[in-house]
Amino acid sequence: MSTEFKLVTSKRRKHIILRINRTGELEFCAPEGFSYTKAQDIIALNEKLITKLRIRHEERKKHLLAFHNEMQVYLYGKLVTVHYTYTAHAITENGIYVPGDDEETVRKGLAKVFKAEARKYLPARVEELAKQFGITYTKVKIGSSLRRWGCCNREGRILFSWRLMQIDKEVIDYIIIHELAHRLVFDHSGKFWKEVEKMKPDYEACERYLDEFPARKGAL
Ligand SMILES: [Zn+2]
């Protein structure tokens with residue numbers, strides 16, 4: 001009986017490797033020109049190793065499913081489930097899909113999903129609110145800060161953390177308005193807060209929401 005496998009050759013590969021790929025197939029990776037018959041022979045001699053690889057693959061899959069089924073994160077203020085997938089980074093009605101083999105990769109994937117969402121949502125919303133309140137700015141950038149939701153420099157460049165996409169849209173508006181208000185007053189004086197209040201009368205509730213947010217279960 002012969003074991004089914006896929007021979008994958010590459011110019012760059014110097015050694016042979018046996019592995020179970022993401023769809024569960026056995027792959028024989030070898031340098032270019034490696035013969036199929038020779039690969040077959042090697043596979044026949046390594047049955048034990050292949051069984052071990054398959055068991056490890058199954059265990060990893062189980063671990064992944066458990067990890068992903070339990071994981072929930074906030075998107076626009078609502079808890080959504082993170083699903084495991086091999087290929088795509090996506091936000092759907094059923095939750096967020098990210099590739100990954102372990103928690104670290106999943107977290108990186110989530111950062112990518114949130115960053116993409118931030119790029120889609122924030123610049124457009126800043127433009128709308130700036131127009132509404134007659135305030136100018138130069139550029140919107142997206143960063144990854146854990147410490148600050150947003151900031152604005154004297155040149156009018158506004159920087160937001162992708163982590164902002166976790167919070168309620170009303171509160172995102174407040175952060176945008178806060179940064180736009182710095183275009184009028186470049187500090188946190190009483191004058192500044194008066195400008196904020198004119199544009200967002202419930203800003204104090206928003207500040208409280210932001211203070212409490214990082215302590216929530218599921219906050220990234
Ligand atoms: Zn500020």
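## Sheets and helix packing in a predicted model

In strand β5, the bridge partner of Val73 is Val80. This pair offers a way into the structure, which is a predicted model, and the description below moves outward from it to the sheets and then to the helices.

**The four-stranded sheet**

Val73 and Val80 belong to the pairing of β4 with β5, residues 78–84, where four bridges join two strands that run antiparallel. These two strands are part of an open sheet of four, arranged in the order β4-β5-β7-β6 with mixed pairing. Because β4 (72–75) and β6 (90–92) each have a single partner strand, they stand at the edges, and one side of each is left without a neighbour in the sheet. From one strand to the next, the twist averages 35 degrees.

Further along the order, β5 is joined to β7 by three bridges, and this pair runs parallel; here Tyr84 stands opposite Val98 in β7. The pairing of β6 with β7 also rests on three bridges, but these strands run antiparallel, and the bridge partner of Thr92 is Gly95 in β7. A hairpin of two residues makes the connection from β6 to β7.

**The three-stranded sheet**

A second group of strands, three in number, forms an open sheet in the order β1-β3-β2, again with mixed pairing. Its edge strands are β1 (6–10) and β2 (17–20), each of which pairs on one side only. On average, and with direction ignored, neighbouring strands of this sheet are turned by 25 degrees against each other. Five bridges join β1 to β3, residues 26–31, and the two strands run parallel; within β3, Cys29 is the residue that stands opposite Val8.

**Helices and their crossings**

Which helices come within 10 Å of each other and cross at roughly 55 degrees, judged by their axes? They are α3, residues 103–133, and α4, residues 169–181. The angle makes α3 oblique to α4, and α3 passes α4 in a right-handed crossing. On the α3 side, Arg125, Val126, Leu129, Ala130 and Phe133 meet Asp173, Ile176, Ile177 and Leu180 of α4. Sorted by class, this contact has seven nonpolar and two charged residues, with no polar ones.

Helix α4 also meets α5, residues 190–199, with axes that come within 9 Å and cross at roughly 135 degrees. That angle makes α4 oblique to α5, and the crossing is right-handed. From α4, the contact takes in Ile177, His178 and Ala181, while α5 contributes Phe192, Glu195, Val196 and Met199. The residues of this contact divide into five nonpolar, one polar and one charged. Ile177 thus appears in the contact of α4 with α3 and in that with α5.

The two helix pairs are set out below.

| Helix pair | Axes come within | Crossing angle |
|---|---|---|
| α3 and α4 | 10 Å | roughly 55 degrees |
| α4 and α5 | 9 Å | roughly 135 degrees |

**Domains**

The domain assignment of the chain gives two entries, with domain 1 covering 6–60 and domain 2 covering 115–215. Taken over C-alpha atoms, the centres of domain 1 and domain 2 are separated by 52 Å.

Definitions and conventions
Residues are numbered from 1 along each chain as its sequence is written. This is a predicted model: local features need pLDDT of at least 70, side-chain atom pairs count only at pLDDT 80 or more; totals for chains, interfaces and linings use all residues. Axes are lines fitted to C-alpha atoms, for helices over the stretch in contact, and angles run from 0 to 180 degrees between N-to-C directions. Angles under 35 degrees count as roughly parallel, over 145 as roughly antiparallel, 65 to 115 as roughly perpendicular and the rest as oblique. A crossing is left-handed if the near helix is turned anticlockwise from the far one by less than a right angle, and right-handed if clockwise. Two residues are in contact if their C-beta atoms, placed from the backbone, lie within 7 Å. Ala, Val, Leu, Ile, Met, Phe, Trp, Tyr, Cys and Pro count as nonpolar, Asp, Glu, Lys and Arg as charged, and the others, Gly among them, as polar. Two strands pair if DSSP finds at least two bridges between them. Domain bounds come from an automatic or database domain assignment.
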